[in-house]
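Here are my notes for when you next open this model. They are set out as numbered points, so you can follow along with the sequence and the coordinates side by side.

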Amino acid sequence: MSQSQRDIKLRFLAEPQDVNFGGKVHGGAVMKWIDLAAYACAAGWSGRYCVTAYAGGIRFVAPIHVGSLVEVAAKVVYTGTSSMHIAIEVNACDPKSLNRRTTTTCIVIMVAVDQNGQPEKVPQWEPVEEEDIVQRESAIRLMDMRKEIGEEMQCFHNKIS
Ligand SMILES: CC(C)(COP(=O)(O)OP(=O)(O)OC[C@H]1O[C@@H](n2cnc3c(N)ncnc32)[C@H](O)[C@@H]1OP(=O)(O)O)[C@@H](O)C(=O)NCCC(=O)NCCS
């Protein structure tokens, strides 16, 4: 029987095609790396194919320069019935100096789905360590806050184009 893995780190080198006109990595390139890490983390935890249901709270704290070594750390902080809430932290450094700094943080919610795209149950994450308990409680509070944000955003739906 295979074992669940709660966290994962993916590493990338920021290549010239990832960079914008200002010489920094595109936000979209960072988001793609985040999505890949969240998928690998969710698949490793659930043992299932997963889709991205939500990504939010993204904060680009610092730019990433071309040639940087980028590490995307992903960790399950809360599990629902079919969803896995995954905390993401992106760190980058010059590979010659290895002087890491955090560049981006966010939360991604992945949902395990079957062949028909229907949500499937995932193994439950039960925190024991104090830090894990705090993070799980924060993930629960964020669910309520997202409901409020969703309601607030209703006024933009079908009103932009
Ligand atoms: C994600 C998806 C499977 C959810 O399907 P659904 O019919 O809404 O199913 P449910 O309402 O039962 O929700 C399933 C889970 O997703 C969570 N979820 C759904 N939409 C969500 C959202 N916008 N934000 C956060 N969580 C969400 C629900 O809370 C629920 O979690 P739980 O089972 O742990 O309680 C469906 O919306 C979908 O396929 N979306 C498109 C996914 C996609 O294309 N992603 C990009 C490429 S991978």
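1. A definition to begin with: a residue is called buried when its relative accessible area is under 20%, exposed when it is over 50%, and partly exposed in between. D94 has a relative accessible area of 34%, so it is partly exposed. Please keep in mind that this is a predicted model.

2. D94 has a charged partner. The salt bridge is with K96, and the closest N and O atoms are 3.2 Å apart. K96 has a relative accessibility of 75% and therefore counts as exposed. In the whole structure, a search finds six salt bridges.

3. Now to the sheet. What is the order of its strands? Reading across, it is β1-β3-β4-β5-β2, an open sheet of five strands with antiparallel pairing. The edges are taken by β1 (7-13) and β2 (50-60); each has a single partner strand, so one side of each has no neighbour in the sheet. From one strand to the next, the twist averages 25°.

4. The pairings are worth stepping through. β1 and β3 (residues 69-79) run antiparallel and are joined by seven bridges, with L13 opposite L69 in β3. Between β4 and β5 there are ten bridges, again in the antiparallel sense, and here V90 stands opposite T104 in β5. At the other edge, β2 pairs with β5 over eight bridges, also antiparallel, and V51 faces V111 in β5. When you look at side chains along these strands, recall that in a regular strand they alternate between the two faces of the sheet.

5. Is β5 largely enclosed or largely open? Nine of its twelve residues are buried, so β5 is largely enclosed by the rest of the structure.

6. Two helices deserve a look against this sheet. Helix α1 (residues 27-46) packs on the sheet and touches β1, β2, β3, β4 (83-93) and β5 (101-112). The direction of α1 makes about 45° with that of β3. Helix α2 (residues 130-153) lies across β2, β3, β4 and β5, and runs at about 80° to β3.

7. I8 is a handy residue for exploring the β1 side. I8 is found in strand β1. Which residues does I8 contact, once its neighbours within four places in sequence are left aside? They are A37, A40, C41, V72, A73 and A74. By way of a distance check, I8 and A112 are 104 residues apart in sequence, and their C-alpha atoms are 17 Å apart in space.

8. Back to charges, this time between strands. Side chains of opposite charge can pair when their charged atoms come close. R11 forms a salt bridge with E71, with the closest N and O atoms 3.0 Å apart. R11 lies in strand β1 and E71 in strand β3, so this pair ties together parts that are 60 residues apart in sequence. The two ends of the bridge are worth viewing separately: R11 is exposed, with a relative accessible area of 58%, whereas E71 is buried, at 10%. R100 belongs here too, as R11, E71 and R100 are linked in a network of salt bridges.

9. Helix α2 has a salt bridge within itself. K147 pairs with D144, and the closest N and O atoms are 3.8 Å apart. Both residues lie in α2, three residues apart, which is about one turn of the helix. K147 counts as exposed at 55% relative accessibility, and D144 as partly exposed at 43%.

10. Please also look at the surface by the end of the chain's second helix. I149, M153, F156 and I160 make a nonpolar surface patch of about 420 Å². Of these, M153 is placed in helix α2 and, at 40% relative accessibility, counts as partly exposed.

11. One backbone detail to finish. What is the phi of N158 near? The value is near 60°, which is positive in a residue other than glycine. N158 sits in the segment after α2 and counts as exposed, with 79% relative accessibility.

Definitions and conventions
Residues numbered from 1 in each chain as written. Predicted model: local features only at pLDDT ≥ 70, side-chain atom pairs only at ≥ 80, totals over all residues. Heavy atoms only, no water. Pairing = 2+ DSSP bridges. Helix = DSSP H or I, 4+ residues; strand = E, 2+ residues; numbered from the N terminus. Axes fitted to C-alpha atoms, helices over the stretch in contact; angles between N-to-C directions. Contact = heavy atoms within 4.5 Å. Patch = residues over 30% accessible without salt bridge, like charges linked within 9 Å, V, L, I, M, F, W, Y side chains within 5 Å. Areas by Shrake-Rupley, 256 points an atom, 1.4 Å probe, with all protein chains shown as cover. Salt bridge = Lys/Arg side-chain N within 4 Å of Asp/Glu carboxyl O. Buried < 20%, exposed > 50% of the residue type's maximum accessible area, 1.4 Å probe, protein only.
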